[in-house]
Amino acid sequence: MKKTLMLAIASSLVLAACGDKAAKDGETASNEPPELRQPGSWGQKIEIVKLEGDDVTPEAKAQMQQMFSMLSGMTVCLTPEAAKQEDMAKNLSDMGSKGENCTFDKKVFSGKTVDFSATCKGDAGKTMKMSATGTSGATAQDITMTILANKADGSKEGEMVMRITAERKGECGPNDITPPAPAAKS
């Protein structure tokens, strides 16, 4: 379950970079290109809607929510260069090539719509199912993500549901965190 929680955190950060350039195998193509985020100062809030599992205590849920609440107080400067390189569909597809062994049932990144589901195979026959639905636009995002971890016998090991909301606050300011520029895509 701990690996599941870490993937959940990583996945929420991936979702912050919504945007897709083109449909690939297994994706739902659309005539409408995805709406990319505008550069500027972005605030994000992550709410744990549900967290349960074999080793999850109410204290663990409270600690995790506290960590996400602290992150919610920060704003991030999305530079024009970083905004041009955002590509959520590619980031998700790359998970499979980085040892996550994931297959996608659905990938829809069209207009403001985000709707995907994937199954990742783990060690000793365990699986993890991830899905996300919501909207991602030029100035706001509202995405609900579900991660369901299953044991090798198919029984439920744990589940986490998070709601990630973000909005553009204006131009980048001196108190924003500016991540390093992403590497250029080939």
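## Glu159 and strand β7

Glu159 sits in strand β7 of this predicted model. With a relative accessible area of 13%, Glu159 counts as buried, because the cut-off for that label is under 20%. The side chain has a polar partner: Glu159 and Lys156 are joined by a polar contact of 2.9 Å between their side chains. Strand β7 covers residues 156-170.

## The loop before β7

Step back along the chain and you reach Lys151, in the loop that links β6 and β7. Lys151 has a relative accessibility of 32%, so it falls in the partly exposed class. What does Lys151 touch once its neighbours within four places in sequence are set aside? The list is Asp54, Gly125, Lys126, Lys156 and Glu157. Lys156 thus turns up twice, in contact with Lys151 and in the polar contact with Glu159.

Some C-alpha distances help place this loop. Lys151 and Met128 are 23 residues apart along the chain, with 8.9 Å between their C-alpha atoms. For Asp123 and Lys151 the C-alpha separation is 9.8 Å, across 28 residues of chain.

## Two hairpins in a row

Asp123 belongs to the loop between β4 and β5. Is Asp123 buried or exposed? Its relative accessibility is 61%, and since anything over 50% is called exposed, Asp123 goes in that class. The loop is part of a hairpin: β4 and β5 have 5 residues between them, and in the turn Ala124 takes a positive phi of about 55°. The strands themselves, β4 at residues 113-121 and β5 at residues 127-136, run antiparallel and share 9 bridges. Lys121 faces Thr127 of β5 across this pairing.

β5 then goes on to a second hairpin, this time with β6, with 3 residues between the two strands. The pairing of β5 with β6 (residues 140-150) is again antiparallel, over 10 bridges. Thr127 shows up here too, standing opposite Asn150 in β6. So what stands opposite Thr127? On the β4 side there is Lys121, and on the β6 side there is Asn150.

## What fills the core

The largest nonpolar core counts 23 residues, and the ones with the most contacts inside it are Phe68, Phe116, Met130, Met145, Met160 and Met162. Two or more residues each come from β1 (40-53), α2 (58-72), β3 (102-110), β4, β5, β6 and β7. Which element gives the most to this core? That would be β4, with 4 residues. There is also a second, separate core of 5 residues, among them Trp42, Leu78, Ala83 and Ala166.

As background, nonpolar side chains tend to be buried together in soluble globular proteins.

## The chain as a whole

Zooming out, the protein chain has 4 helices and 7 strands. Read from the N terminus, the order is α-β-α-β-α-α-β-β-β-β-β. Of the 186 residues in the chain, 40% are buried.

How much of the contact network comes from residues 24 or more positions apart? Taking contacts with a separation of 6 or more, such pairs make up 62%. As for the outside, the accessible surface is about 9900 Å², and carbon and sulfur atoms account for 54% of that area.

Conventions
Residues are numbered from 1 along each chain as its sequence is written. This is a predicted model: local features need pLDDT of at least 70, side-chain atom pairs count only at pLDDT 80 or more; totals for chains, interfaces and linings use all residues. Side-chain values use heavy atoms; hydrogens and water are left out. Two strands pair if DSSP finds at least two bridges between them. Buried means under 20% relative accessible area, exposed over 50%, partly exposed in between (1.4 Å probe, protein chains only). Contact means heavy atoms within 4.5 Å. A polar contact is a pair of N or O atoms within 3.5 Å; within protein, one must be able to donate a hydrogen and the other to accept it, and residues adjacent in sequence count only if both atoms are side-chain atoms. A nonpolar core is a set of buried Ala, Val, Leu, Ile, Met, Phe, Trp, Tyr and Cys residues joined through side-chain atoms within 4.5 Å. Accessible areas come from the Shrake-Rupley method with a 1.4 Å probe; for residues, only the protein chains shown count as cover.
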